[in-house]
Amino acid sequence: MSAEENAALPEIARRLVRTTLGERATEPRALASGEWSQAFELTLDGAEAVLRIGAYGTDFAKDELAARFAGPNLPVPAVLARGMVEGWHYAISARAPGTGLDDLSATDVAPALPSLLTAIDDIGRIDVTDTVGYGIWTADRRAPYSSWVDALVAIGTETARVPGWRAALADSDIGLGSVEAGLTAIAALAPYLPAERRMIHGDLLSRNMLVAGSNVSAVLDWGNAMYGDSLYDAAWLIYWWPWYPDWRAIDINAALLAHWRANGPLPANLRERLHAYLIHIGLDAIAYCTFQRRWDEVRTNAESVVALARSAPGEIGLE
């Protein structure tokens with residue numbers, strides 16, 4: 001969202017609460033501002049709630065669907081209301097306790113890891129038998145690609161939400177070389193990738209996981225949720241973990257490996273699958289950061305993708 005749009009949303013939130021909720025709700029107060037929506041805290045019928053306003057109603061519809069998947073190890077706040085206000089989509093959700101995983105020190109992250117990895121397991125166990133396709137799904141639970149590999153290599157094309165990045169990257173001093181190298185490497189790894197379809201959250205950081213004590217207290221923002229190989233969510237942690245300097249004291253690779261071994265045999269083609277997804281995550285970051293003109297991050301991710309594309313599948317601590 002533009003700076004002008006962000007500046008306008010607080011007043012829109014206040015008008016929405018006054019006209020729609022009236023005395024049932026308190027005045028909304030700014031809580032957080034993301035790339036696609038802005039959040040406000042309020043009390044609704046005496047209970048803490050969160051109001052989000054954004055341009056993409058599909059994201060909020062997916063959150064409402066995801067709440068149906070909630071369980072003891074996978075807490076997802078209920079969506080209490082959805083609608084439109086002055087041309088914007090909004091959703092009101094129950095407010096979950098806890099602190100964003102991103103804001104925790106390594107001392108606090110370490111005891112929460114078992115709960116975090118169990119939540120990822122439960123995401124992969126969500127029933128998708130009545131769904132269609134691979135890749136990011138919409139509110140009708142349909143995704144656009146006929147195979148998981150097709151969904152992955154589509155990262156090289158533009159989308160309506162992230163337009164213009166290829167031309168901007170081509171015109172920069174960074175160029176498209178990293179994108180081409182990454183797509184070639186994913187294609188080479190395609191024979192190792194499974195055809196199975198499972199649920200993937202697709203964005204487990206960016207304060208989308210809340211932690212209270214040693215337990216995950218909420219899994220938020222299912223806008224990027226996909227159908228495909230559930231190991232993708234593990235790769236998300238591996239890729240982004242080094243971007244949190246304090247967390248480097250925790251070996252996330254070893255933690256994942258111990259978790260998988262404790263719960264059965266290691267997944268087949270583990271190294272190759274993770275390697276493909278690490279490259280894809282880097283390509284996704286290149287596209288998004290180019291769209292946002294965050295060139296330092298584009299360069300860092302481009303270097304990571306090229307390094308991954310030139311290397312053999314990593315061992316992630318395997319003996």
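In this predicted model, helices α9 (residues 270-291) and α10 (residues 295-310) bring their axes within 9 Å of each other, crossing at roughly 155°. That angle makes α9 roughly antiparallel to α10, and the crossing is left-handed. On the α9 side, the residues in contact include His-275, Leu-278, Ile-279 and Gly-282, and they meet an α10 set with Trp-295, Glu-297, Val-298 and Asn-301 among its members. Sorted by type, the residues of this contact come out as twelve nonpolar, four polar and one charged.

Turning to charge pairs, the count comes to 18 salt bridges. Side chains of opposite charge can pair when their charged atoms come close. One such pair is Asp-103 with Arg-207, whose closest N and O atoms sit 2.7 Å apart. Asp-103 belongs to the loop between β6 and α3, and Arg-207 to the loop between β8 and β9, so this bridge ties together parts that are 104 residues apart in sequence. Both ends are partly exposed, Asp-103 at 42% relative accessible area and Arg-207 at 48%.

The bridge between Arg-141 and Asp-130 (3.3 Å, N to O) looks rather lopsided in its exposure: Arg-141 counts as buried at 15% relative accessibility, whereas Asp-130 is exposed at 54%.

Arg-18 and Glu-27 pair up as well, with 3.4 Å between the closest N and O atoms. Here Arg-18 is partly exposed at 46%, and Glu-27 is partly exposed at 41%. These two also belong to a wider salt-bridge network, which links them with Glu-11, Arg-14, Arg-15 and Glu-86.

Conventions
Residues are numbered from 1 along each chain as its sequence is written. This is a predicted model: local features need pLDDT of at least 70, side-chain atom pairs count only at pLDDT 80 or more; totals for chains, interfaces and linings use all residues. Side-chain values use heavy atoms; hydrogens and water are left out. Axes are lines fitted to C-alpha atoms, for helices over the stretch in contact, and angles run from 0 to 180 degrees between N-to-C directions. Helices (H or I, at least four residues) and strands (E, at least two) are DSSP runs, numbered from the N terminus. Angles under 35 degrees count as roughly parallel, over 145 as roughly antiparallel, 65 to 115 as roughly perpendicular and the rest as oblique. A crossing is left-handed if the near helix is turned anticlockwise from the far one by less than a right angle, and right-handed if clockwise. Contact means heavy atoms within 4.5 Å. Ala, Val, Leu, Ile, Met, Phe, Trp, Tyr, Cys and Pro count as nonpolar, Asp, Glu, Lys and Arg as charged, and the others, Gly among them, as polar. A salt bridge is a side-chain nitrogen of Lys or Arg within 4 Å of a carboxyl oxygen of Asp or Glu. Buried means under 20% relative accessible area, exposed over 50%, partly exposed in between (1.4 Å probe, protein chains only).
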